Amino acid sequence: MKGFTNQSRNTRSSRIARIGGLLLWTCVMLIGPRAFAEDAVVVSLPSGGVVVFAMQAQGESLKALSIESLIAMRRSFEDCGRLRPVEENQLTWALERARTAKPGDLIRKTAQVLNADAYCVIGLSQEIHTYIADLSIVPLKPEYETLRRTLRVKSRLPHNIPLKLAKAVTDAQSGIPVHAPVLRKTGEGSYVIGAGQWHGITPGRYRSPTHGEITITGTGRYESVARIGDPVEIAAEVEIRLFPDTEPLVHDLDRRISENTIRRYEIGNTLLRGDDAGKRYIEGMCIINPGGSVCAPIYGSFLATQYLGFNTPSPDMTGMWLGGAALFTQLMLPEFMTGFRGNFFPWNRDSDKPRSVQYMQTFLWASLPFTFSTVYLDQLAVAFPKTETLPPFFDNRDTMASLMSLFVPGGGHFYKGRRLPGWGFYFTEMAIASYATLELGNPARARYAFSLLAAVKLADIALAYLSRSSYRIYNMEVDRDDVRPSLSLQGRMFDREPVYDLALQLPF
Amino acid sequence: MKRIVPAPFPCTCSATAHAIRACLIALLCAALFPSALFAQKPLIGLVGIETRSPRAANIASMVENHLANIIASAGPFSQLNQAQLKRELAAFGCMDEACMLRFARTAKLGLVIRGVVEDEGDVARLDLFCYATGDVYAGKLVYRYRARIPITRPDITARELSYLGEEHTGAFIAGVLRAYRRPVSLSVREGGVRLDEASSGTGSFMVYRFIGPPSEEGAPREYAQLGELELDHGSVVKSANAGALRDGDFILVNYVERADYLDEFYRGRKRELVLQWVSPLDTLYVALFAVPAGVTMPVLAPLGYYAYGDYRGLGLWAVNALPWLYLEADGFLNRPSAMRDRNESVSRTRNARYDFALYMALSGGIPLFVDAFAHRYLADASEYAGSQQVIGNSWTAGFLAAVSPGGGHFYRGSRLWGYLYFHLDNFLVYSIMKEFARAERYDAAQDRYVRASGERGRGHTLLYALGAVKLIEIVHAVLTPDDIGARGVEAEPLAFQPVLYRDARRRPVLGAGVSLRY
């Protein structure tokens, strides 16, 4: 369906109505008890084609989704340039011709009437909060056998269903070469073939497993002039080893799925409706959390999350304990090292506190803001999935994560909801940096320690950029065939008792 | 089963019905647009812009109007009545690309334009396509333009949206004029060669000839180069291969000059609309403000980014400025005067860092201050949001490039070049200061400082390098246009690849090419 705008919306509306009517008519025909005539006329398309059918859906929203899905799939076939979607007027005609087919056989007969290379059937349904689309791609000619598949896509967002179907169709076409029928002979060794610019053909030489080297000397939109070494018969099919470049198409569909998902779940559009989530996030990091942590160290980081609209009644105890342990270590480690004889404050040095310990103590006190930030980010990493929201700047999540890791140890991993690597990098970097400052008086050791710190920091930034987020609501939309295992750590209160979950998940 | 093969094109029912329908369409077109059919200018038809939401429909309607107006004023095309054309296409159920191209061929349209506007929430994605018919193109897509128009800015008005749509439409038509080359046939009479159509073309043109017999209508044809031909205002002045030419040979006439004119027109008009008149005196005011800007940059620049919601700029600032800000802070906190008060020896690095801190405060901070604010002004200008006072002055760009590292480029809106010059200049300045700095050793016996001596040859070399870089930077900044073009134009998918082949004379040709898949 394509709606043409006019000065008014009449044309578009009539077009939608027409397509809707066609869809409805198709659905009615699919359940109609008619017999298929044996002497039907078959029209041969010059370069094949594909027919997209939608099964009857229950409810207005699913019907609208059916139309959107049909359009998205037709566009996907158009963009890949391998199977031309059968024109609407042809489909109308073919459905009329096939109206006498037996129930359950109408789709196949209609596709055969059109002499299509393949057909697709979409069935849409809805569970409580999830839309489900079942897609079957059925090739009718052996050269398109690799297309054959049946799959199911799910989404909580109806807008994503057409995009996911289009992505599945695009993926399916990635390995299909050009199959071009020979249409006419124009001279000695020169033929017009049924593949052109639409199929990605440009003047030049191509390899064909069936006809050796083929030289394209002129192209049109759907046809080309080709010089073929071996004599070929009219209506014979030439295979050209040229595959559709599906990568940018899939990338674009992924981007749109991601944008839809972020638009729906980002905290700025959910908990902070109407507020600038980015500003709140930065204010929370730079002002609210440091202020809260000065008043109530560690617990203040949990309280600061409420500035982003979270109303969680209790903090995540794992984060609290880890943050508390880190804070305790930062304050008490120099005391332990001096046997509790050294002065507690880093700016006071006495005979019991060597200079190296004072350096380390200064670093540990100076890095307290990093610990508060880490605890704050950790609490957010729990709060976002719990409320089914996504952090701000999530459309640039990889860049944002690497920036976070640049300034906060493990920060990018917390940003992506990956707490285990976040805490891992935090403790590793803090430990190495503490050792490096302790060894400042020994340049050789300090150099090794700082080199190691730089290497770990680079790994932290790089992995923060490359790793995927762990937000289930997001991953459910963008990852269809994800089979990677994930490790998660969670702490919660159950009946006033702390419960710790360590889980290894493997989707199957 | 009966089988009808092969049908020349996908058809609804049969070849006969298709032929009847084609005749009907042709007769209809002849009746509706008689003057257009016989015009010399290529006929262009706007077949419609697809939409699926009311918001997108509004944008599409606006773009269609702009397309019609710009095509009418651009010159080289005759235009069919848009409303009638759309009505006829709708009446024949001709909505698919293949059907439209058949219609265009039957109606003798030289070019067909169609589009799609998709509502993607925060933006409207505009896709415009132009196809060409005839033996040379055979329905090929000659140009595709894709842009993302922001539609969620709270204060955007219909007038601003219309300006944006017109700018994109103008860029599309300019692209079509650049990509499309119209075939013009030649006639050979008594040894003389002339064009079959009046043309004002001047310059060298390649002559082509179709190979083989005419094929069925709409099918592509192969053609070969014959040699060059020189035109002077449409008259053939010289032909390299005049004796071999014959009727039906053709040249391909382009419209690049008109495309350039169109681009220039829209650029100039936008500058008039969004930039206020500028004078060298404005640069003087900027100069007065330069030093306070540099000194306050570490505080005001991040606040500026933050206030305008330019988080990308804030992130870039944090990553790029921090190393230099550290040197600045270190230079001031451990300044040589304080060390002298404590009778400590002052190292060469200490002296250099203090000098560098002064440089950062007076000059090095200016560009990032400029970026924090100019970027927003340029973004407003690109979306026609008011008339901007400060930006768009070449004198100011030159001044900022001269007195600060990369300031001219930040002022123009080019962050990539700005940060490149920022780091390069700062690196050179710091290196020069370190080369010229001297260590001062405290002589306790005589209670005085002894300045160390050193070679300054490398410092002079670096100074010359900095001079050369600054000269290039100033010229570059003055010549760089302001980044006020409509944002969100997406490039065509390009691929770079090496090329190696033999030409017609079997000479090897080696090179590199950029390929574009439609």
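Among contacts in chain B between residues at least 6 apart in sequence, what percentage join residues at least 24 apart? The figure is 67%. Hi everyone, and thanks for coming. Before I go on, please keep in mind that this is a predicted model.

Let's stay with chain B for a moment. It has 16 helices and 17 strands. Of its 518 residues, buried ones make up 50%. Chain B exposes about 24,600 Å², and 59% of that area is supplied by carbon and sulfur atoms.

Now let's go inside. In soluble globular proteins, nonpolar side chains tend to be buried together. Here, the largest nonpolar core has 140 residues, and Ile173(B) and Trp317(B) are the ones with the most contacts inside it. Which helix gives this core its largest share? That is helix H3 of chain B, residues 54-74, with nine residues. If you click on Ile173(B) and skip its neighbours within four places in sequence, you will find it in contact with Leu67(B), Ile70(B), Ile71(B), Ala74(B), Ile113(B) and Leu262(B). There is also a second, separate core of 28 residues, and among its members are Val50(A), Ala54(A), Ile122(A) and Leu147(A).

Next, have a look at helix H5 of chain B, which covers residues 97-106. Is this helix largely enclosed or largely open? Nine of its ten residues are buried, so the rest of the structure largely encloses it. The buried ones include Ala98(B), Met100(B), Leu101(B) and Phe103(B), but also Glu97(B), Arg102(B) and Arg105(B). After H5(B) comes Lys108(B), which has a positive phi, near 60 degrees.

On to charges. Over all chains, the structure holds 62 salt bridges, and I picked three to show you.

The first one on my list is in chain B, where Asp249(B) pairs with Arg209(B), their closest N and O atoms being 2.7 Å apart. Why is this pair worth a look in terms of sequence? Asp249(B) lies in the loop between strands S11 and S12 of chain B, while Arg209(B) lies in strand S9 of that chain, so the pair ties together parts that are 40 residues apart in sequence. Both Asp249(B) and Arg209(B) are buried.

Then we move to chain A, where the side chains of Arg241(A) and Glu239(A) meet in a salt bridge at 2.8 Å, N to O. Are these two partners buried or exposed? Glu239(A) counts as buried, because its relative accessibility is 16% and the cut-off for buried is under 20%. Arg241(A) has a relative accessible area of 44%, so it is partly exposed.

My last pair is Arg205(A) with Glu213(A), whose closest N and O atoms are 3.9 Å apart. Arg205(A) has 65% relative accessibility, so it counts as exposed. Glu213(A), at 42%, counts as partly exposed.

Finally, let's turn to the surface. Which residues make the nonpolar patch of about 290 Å²? They are Leu406(A) and Phe407(A) from one chain, and Val319(B) and Leu322(B) from the other. Helix H12 of chain A and helix H9 of chain B each supply at least two residues of this patch. Phe407(A) sits in that H12 of chain A, and with a relative accessible area of 32%, it is partly exposed.

To wrap up, I'd keep two pictures in mind: a nonpolar core of 140 residues, and a nonpolar surface patch made by residues of chains A and B. Thanks for listening!

Methods: Residues numbered from 1 in each chain as written. Chains lettered and ligands numbered in written order. Predicted model: local features only at pLDDT ≥ 70, side-chain atom pairs only at ≥ 80, totals over all residues. Heavy atoms only, no water. Patch = residues over 30% accessible without salt bridge, like charges linked within 9 Å, V, L, I, M, F, W, Y side chains within 5 Å. Areas by Shrake-Rupley, 256 points an atom, 1.4 Å probe, with all protein chains shown as cover. Salt bridge = Lys/Arg side-chain N within 4 Å of Asp/Glu carboxyl O. Helix = DSSP H or I, 4+ residues; strand = E, 2+ residues; numbered from the N terminus. Buried < 20%, exposed > 50% of the residue type's maximum accessible area, 1.4 Å probe, protein only. Core = buried A, V, L, I, M, F, W, Y, C linked by side-chain atoms within 4.5 Å. Contact = heavy atoms within 4.5 Å.
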